[in-house]
Amino acid sequence: MSTLSACRVVLAGRFSISLSFVQEFSMGVRLAVIYYSTYGTNHQMATVATEAARAAGAEVRLRKVAETASDEVVAGVDGWKAQADRTADVAVATVDDMEWANAYLFVAPTRFGVMASQMRAFIDTLGGFWAKGGFANKAVSAMSSAQNTHGGQEATILSFYTSVMHWGGIIVAPGYTDQSIFKSGGNPYGYSHTQGEEFSEDRLEAIRHQARRLVIVAEKLI
């Protein structure tokens with residue numbers, strides 16, 4: 001048994017602390033990375049963020065939101081179907097995942113300046129979780145992508161943060177807190193990617209930095 005574990009046992013016994021309190025006391029960052037990706041860009045971003053968050057010490061669940069388009073529509077677009085097949089083994093996000101987590105990263109492409117409807121459909125299932133304060137005082141961040149540089153990437157992230165304010169969550173934007181933000185395009189609201197462009201090392205590092213920063217802030221809020 002580690003020294004820290006032994007101390008928890010002694011504390012629980014000596015002061016009759018409940019098991020639930022001990023679990024809360026010892027709880028680390030549990031990050032839910034929730035993404036939607038039609039062709040793979042946002043899936044790749046979410047995967048990089050997941051790896052960085054785990055390296056920073058967080059326990060992470062990578063989850064995709066359910067597809068709302070019909071199987072016939074998806075099958076009719078080669079790239080869309082290929083991505084669906086590649087990620088068939090990724091678990092679909094549920095309210096249970098939100099209950100489990102104490103920090104959240106949402107990753108989704110822009111559609112006319114707001115998150116893709118698949119992500120918004122999932123968010124619309126979280127009314128009960130929100131109503132009981134599920135997001136309150138928890139760290140939340142977001143990333144996005146668009147077809148071109150001025151295709152609504154920043155607007156998508158900012159519009160999503162309005163929902164976070166309604167939830168009472170704590171917005172954790174990357175800001176200008178690392179040189180990678182400048183080198184990857186300078187978006188202080190959250191990493192955003194232009195579809196079809198290479199994931200250069202500077203861009204990957206910007207994703208990693210945002211994930212690490214989210215973990216660091218979330219740890220302070222636990």
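In the predicted model described here, Ala32 stands opposite Tyr104 in β3, a strand that spans residues 103-107. Helices (H or I, at least four residues) and strands (E, at least two) are DSSP runs, numbered from the N terminus. Residues are numbered from 1 along each chain as its sequence is written. Because this is a predicted model, local features need pLDDT of at least 70 and side-chain atom pairs count only at pLDDT 80 or more, while totals for chains, interfaces and linings use all residues; side-chain values use heavy atoms, with hydrogens and water left out.

It is convenient to start with β1. Parallel to β1 runs β3, joined to it by 5 bridges, where pairing requires that DSSP find at least two bridges between two strands. β1 also pairs with β2 in the parallel sense, over 6 bridges, and here Ala32 stands opposite Arg61. From β1 the chain crosses through α3 to β2 in a right-handed β-α-β crossover, meaning that, with the strands pointing away from the viewer, the path from the first strand over the helix to the second runs clockwise. β1 is mostly covered, with 5 of its 6 residues buried (under 20% relative accessible area, with exposed over 50% and partly exposed in between; 1.4 Å probe, protein chains only).

Next comes β6. With 8 of its 8 residues buried, β6 is largely enclosed by the rest of the structure. Ala139, Ser141, Met143 and Ser145 point one way from β6, and Val140, Ala142, Ser144 and Ala146 the other way. In a regular strand, side chains alternate between the two faces of the sheet. β6 pairs in the parallel sense with β3 over 5 bridges, Leu105 standing opposite Ser141. A parallel pairing of 3 bridges links β6 to β8 (residues 192-194), in which Ser192 is the bridge partner of Ser144.

What, then, is packed around these strands? The largest nonpolar core has 29 residues, and Leu31, Leu105, Met143 and Ile207 have the most contacts inside it. Such a core is a set of buried Ala, Val, Leu, Ile, Met, Phe, Trp, Tyr and Cys residues joined through side-chain atoms within 4.5 Å. Two or more residues come from each of β1, α3, β2, β3, β6 and α11, and α11 gives the largest share, 7 residues. Ile207 touches Met45, Val48, Ala49, Met143, Tyr191 and Phe199 (heavy atoms within 4.5 Å), not counting residues up to four places away in sequence. Apart from this core lies another, of 28 residues, among them Trp80, Met119, Phe129 and Phe160.
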